[in-house]
Amino acid sequence: MVITNPNTIKNKVKRLEVVERLRNEKKKEKKKERTKKKREAEAGEDQERPKKLPRTIETMREADETIVQPEDAEVDGDEMLDEFADYFAGTIPKILITTSKKPAAGMYKFIEKMLWVFPNSYFYARKGYDLKKIIQYATNKGFTDIIIWHEDNKKLNSVVVSHLPSGPTAYFKVTSLKMPHEIEGHGKPTAHKPELILNNFNTRLGRRLGRMMAALFPHDPNFRGRRVVTLHNQRDFIFFRHHRYVFDNDKKARLQELGPRFTLKLKALQKGTFDTTTGEFEWLFKSEMNTSRKRFFV
């Protein structure tokens, strides 16, 4: 009788023998399959064989009816009339950057680096001003967006991004911050306008966030500067990276990270500008939404 489940064997020595035998058989089968695939590839017979997708959380994600399909007329129509339509029609971004009240010294160093990331951005010290007054001031001065960085125990922990004058407003948790001096082989940014890469913003919510992020950067990147900002969404974590691509020769190029780097996690998207009392949420994360590791929203 062939035993396929060694857990049913009470004798430890016999059980280990069966485990070793099954492991060796599995190795032989895998080697046989690899050899077969290699021969088919050399003979050109594997072109019709469908390639198997790797089993990852992304490929096994739950079906989501909000995922936007290519050339979706309804989505395209909505986006032509949304709050970011003016930007995509040619409006130049102008960004006001501020912080929570009484920021630590490390926050000022971080803001200095972010002013290089966002062209046409200006830092205003928060002092004791209420956030609604700052938003009103920024709107009157022609700013298109406002970014407020917050910290807890002298550590950056969240950011609010609000599109002016009519919203929306997004609240993100910030983790895994690394300043440029903490990144091995980092470079120094130049004043060239960066290119922007947005990856995997595939749902209706993701498209909305992608348009909000795009509205922070100019339409006409300076390719001579070879500077690129990447916002990559993976499992609802948005990874922020800032690089310069370097051409070693005519055929090879490499990336040099400029920093800073950090990770964003969306917690809320609110209609209009920042309002903690009467604001209406388009999307709000709640703990009961964590029903599965394979469920994503962005």
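**Entry 1: the enclosed space**

I began with the largest cavity, for which I noted a volume of about 130 Å³, bearing in mind that I was working from a predicted model. When I searched the whole structure for cavities of 30 Å³ or more, I found one.

I then looked up which residues line the largest cavity, and I counted 15, with F118, W149, M213, L216 and L264 lying nearest its centre. Asking which elements give two or more residues to this lining, I wrote down β3 (145-152), β4 (155-163), β7 (227-234) and β10 (261-270). I also sorted the lining of the largest cavity by residue class, and I got 15 nonpolar residues, with no polar and no charged ones.

**Entry 2: the largest pocket**

I turned next to the open spaces, and for the largest pocket I recorded about 260 Å³ of space. Its lining is made up of 14 residues, and those I found nearest the centre are G106, K109, F110, M179 and H181. Two elements, α4 (105-117) and β4, give two or more residues to the lining of this pocket, and I noted that α4 gives the most, with five residues.

By class, I divided the lining of the largest pocket into six nonpolar, three polar and five charged residues.

**Entry 3: the helix α4**

Since α4 had come up in the pocket lining, I checked which of its residues are buried, and my list holds M107, F110, I111, M114 and V117. I then asked how these residues are placed around the axis: they cover an arc of only 105 degrees, so they sit on the same side of α4. On the face of α4 turned away from that buried side, I found the exposed residues A105 and K109.

Reading this against the previous entry, I see that F110, which is buried in α4, and K109, which is exposed on the face turned away, are both among the residues nearest the centre of the largest pocket.

**Entry 4: the second largest pocket**

Lastly I looked up the second largest pocket, where I recorded about 220 Å³ of space. Of the 15 residues that line this pocket, I noted R235, D236, K265, F285 and N290 as the closest to its centre. The largest share of the lining comes from β10, with three residues, and I recall that β10 is also one of the elements giving two or more residues to the lining of the largest cavity.

Sorted by class, the lining of the second largest pocket gave me seven nonpolar, two polar and six charged residues.

Definitions and conventions
Residues are numbered from 1 along each chain as its sequence is written. This is a predicted model: local features need pLDDT of at least 70, side-chain atom pairs count only at pLDDT 80 or more; totals for chains, interfaces and linings use all residues. Side-chain values use heavy atoms; hydrogens and water are left out. On a 1 Å grid over the protein atoms alone, a cavity is a set of points where a 1.4 Å probe fits but cannot get out, and a pocket is an open set with protein on both sides within 12 Å along at least five of seven lines; lining residues have an atom within 4 Å of a point. Grid points are joined across faces, edges and corners, and a volume is the space filled by probe spheres set on the points. Helices (H or I, at least four residues) and strands (E, at least two) are DSSP runs, numbered from the N terminus. Ala, Val, Leu, Ile, Met, Phe, Trp, Tyr, Cys and Pro count as nonpolar, Asp, Glu, Lys and Arg as charged, and the others, Gly among them, as polar. Buried means under 20% relative accessible area, exposed over 50%, partly exposed in between (1.4 Å probe, protein chains only). The arc is that of the directions from the helix axis to the C-beta atoms.
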